[in-house]
Amino acid sequence: MTTRPDGGGPAANPRPEPAPRPDPVPPPPTGAGAATTPQVIALVDDDRNILTTVSIALQAEGFATRVYYDGAAALPALIDNPPDLVVCDIKMPRMDGFDLLHRLREKSDLPVIFLTSKDDEADEAAGLAMGADDYIAKPFSQRLLIARIRAILRRGEVARRAALRPPDEPGDALPDVIRRGRLAMDPARHQVEWAGQPVSLTVTEFLILEALAMRPGVVRSRSSLMDAAYQDDVFVDDRTIDSHIKRLRGKFRLVDGQFSAIETLYGAGYSFTDP
């Protein structure tokens, strides 16, 4: 028994304060207001500064990110718990980007963008031949990288919906295959053929060629090709478009040494013609 401090008699034993209850967690929203699960982008690079800055930029755009510091650490995670897309450096310790892509392609068709300091057409051709989806050289614009990520994810989603839809079930109409002479372009599946032979293009190259092929014989200015290939207000200069045209021609000449369907009108732009 305790005595009140004022001497007025016994005081009741004090009761302990109840533990604070956590704020109630609201149930997840349903219906039109429900939040969608963010798409996951895996970043594989031994440069921690790049991992940090790109991860922050992607998260600001609504993506979730996972980061790995080399290919050997990334490989089992990418196979066991695949993300929606991988952005991968080429030059890394323990397992470089080419080796990582090769091992991934043995078990997965996960979209891969190479992000590398090497600006070498041979590296690009090798990466695309192994199954990479795009190739962006450092230093790079984060807006450009995000635009390419969105473009690849959009095309992959269209192709998946088309593959899963029963033949007799109506759905959104897929873009028609573009046929111009020996050229065949399938926008939904990001596939290109020349005289029946496949040609591997990056997303940027595909969009430039598509813009030219949609209006054969019409000269497209460099600025209009920039608008077609670089969305989200990404700035590039004229030389970037010229470099893409050079690479496009080079890739088609690997399957046809006489390829000349992309013509240059000096001072005006480019056109596509294949009778």
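How much space lies in the largest pocket? The legends below take that up, along with other close-ups of this predicted model.

**View 1. The whole protein sets the scene for the close-ups.** Start with the 275 residues of the protein, 40% of which are buried. Its secondary structure adds up to eight helices and 13 strands. Take the contacts with a separation of 6 or more: 58% of them link residues 24 or more positions apart. On the outside, the accessible surface comes to about 15,900 Å². Carbon and sulfur atoms account for 52% of that surface.

**View 2. The largest pocket holds about 970 Å³ of space.** That's the figure the opening question was after. A total of 35 residues line this pocket, and Asp109, Asp133, Arg189, His190 and Gln191 are the closest to its centre. Which helix gives the largest share of the lining? Look for α5, with eight residues. This helix runs over 142-164, and together with the strands β9 (183-186) and β10 (191-194) it's among the elements that each supply at least two lining residues. Sorted by class, the pocket lining comes out as 18 nonpolar, six polar and eleven charged residues.

**View 3. The structure also has one cavity of 30 Å³ or more.** The largest cavity contains about 50 Å³ of space. Around it sit Leu43, Val44, Asp45, Ile50, Leu51, Val54, Val87, Cys88, Asp89 and Leu115. At least two lining residues come from each of β3 (40-44), α1 (48-60) and β5 (85-88). Of the elements here, α1 gives the largest share, with three residues. What's the mix of classes in this lining? Eight residues are nonpolar, two are charged, and none is polar.

**View 4. The largest nonpolar core brings together 46 residues.** If you want a few landmarks, pick Ile41, Ile149, Leu183, Val192, Leu209, Phe252 and Ile262, the members that touch the most others in the core. Helix α6 (residues 203-213) provides the largest share of this core, eight residues. There's also a second, separate core of 20 residues, and Tyr68, Val86, Val112 and Tyr135 are among them.

**View 5. Leucine 183 is one of those landmarks, so to speak, and here are its contacts.** Leaving out residues up to four places away in sequence, leucine 183 touches Ile178, Val192, Glu193, Trp194 and Leu209. The list goes on with Ala213, Phe252, Phe272 and Asp274.

**View 6. Helix α6 is largely enclosed by the rest of the structure.** Why can we say that about α6? Because eleven of its eleven residues are buried. Follow the helix along and you'll pass Val203, Thr204, Glu205, Phe206, Leu207 and Ile208, each of them buried. Then come Leu209, Glu210, Ala211, Leu212 and Ala213, which are buried too.

**View 7. Serine 271 sits in strand β13.** The strand covers residues 269-272. Is serine 271 buried or exposed? Its relative accessible area is 7%, so serine 271 counts as buried, the cut-off being under 20%. Setting aside neighbours within four places in sequence, serine 271 makes contact with Leu212, Gly217, Val218, Val219, Ala261, Ile262 and Glu263.

**View 8. Lysine 246 belongs to helix α8.** This helix spans residues 238-255. Lysine 246 has a relative accessible area of 57%, so it's exposed. Where does isoleucine 262 lie relative to lysine 246? The two are 16 residues apart along the chain, with 9.7 Å between their C-alpha atoms.

**View 9. Two loop residues have a positive phi without being glycine.** Most residues other than glycine have a negative phi. Arginine 94, though, has a phi of about 70°. You'll find arginine 94 in the loop between β5 and α3 (97-105). With a relative accessible area of 66%, arginine 94 is exposed. Now move along to alanine 195, where phi is near 55°. Alanine 195 is in the loop that runs between β10 and β11 (197-198). Its relative accessible area is 51%, and because exposed means over 50%, alanine 195 counts as exposed.

Conventions
Residues are numbered from 1 along each chain as its sequence is written. This is a predicted model: local features need pLDDT of at least 70, side-chain atom pairs count only at pLDDT 80 or more; totals for chains, interfaces and linings use all residues. Side-chain values use heavy atoms; hydrogens and water are left out. A nonpolar core is a set of buried Ala, Val, Leu, Ile, Met, Phe, Trp, Tyr and Cys residues joined through side-chain atoms within 4.5 Å. Buried means under 20% relative accessible area, exposed over 50%, partly exposed in between (1.4 Å probe, protein chains only). Helices (H or I, at least four residues) and strands (E, at least two) are DSSP runs, numbered from the N terminus. Contact means heavy atoms within 4.5 Å. Accessible areas come from the Shrake-Rupley method with a 1.4 Å probe; for residues, only the protein chains shown count as cover. On a 1 Å grid over the protein atoms alone, a cavity is a set of points where a 1.4 Å probe fits but cannot get out, and a pocket is an open set with protein on both sides within 12 Å along at least five of seven lines; lining residues have an atom within 4 Å of a point. Grid points are joined across faces, edges and corners, and a volume is the space filled by probe spheres set on the points. Ala, Val, Leu, Ile, Met, Phe, Trp, Tyr, Cys and Pro count as nonpolar, Asp, Glu, Lys and Arg as charged, and the others, Gly among them, as polar.
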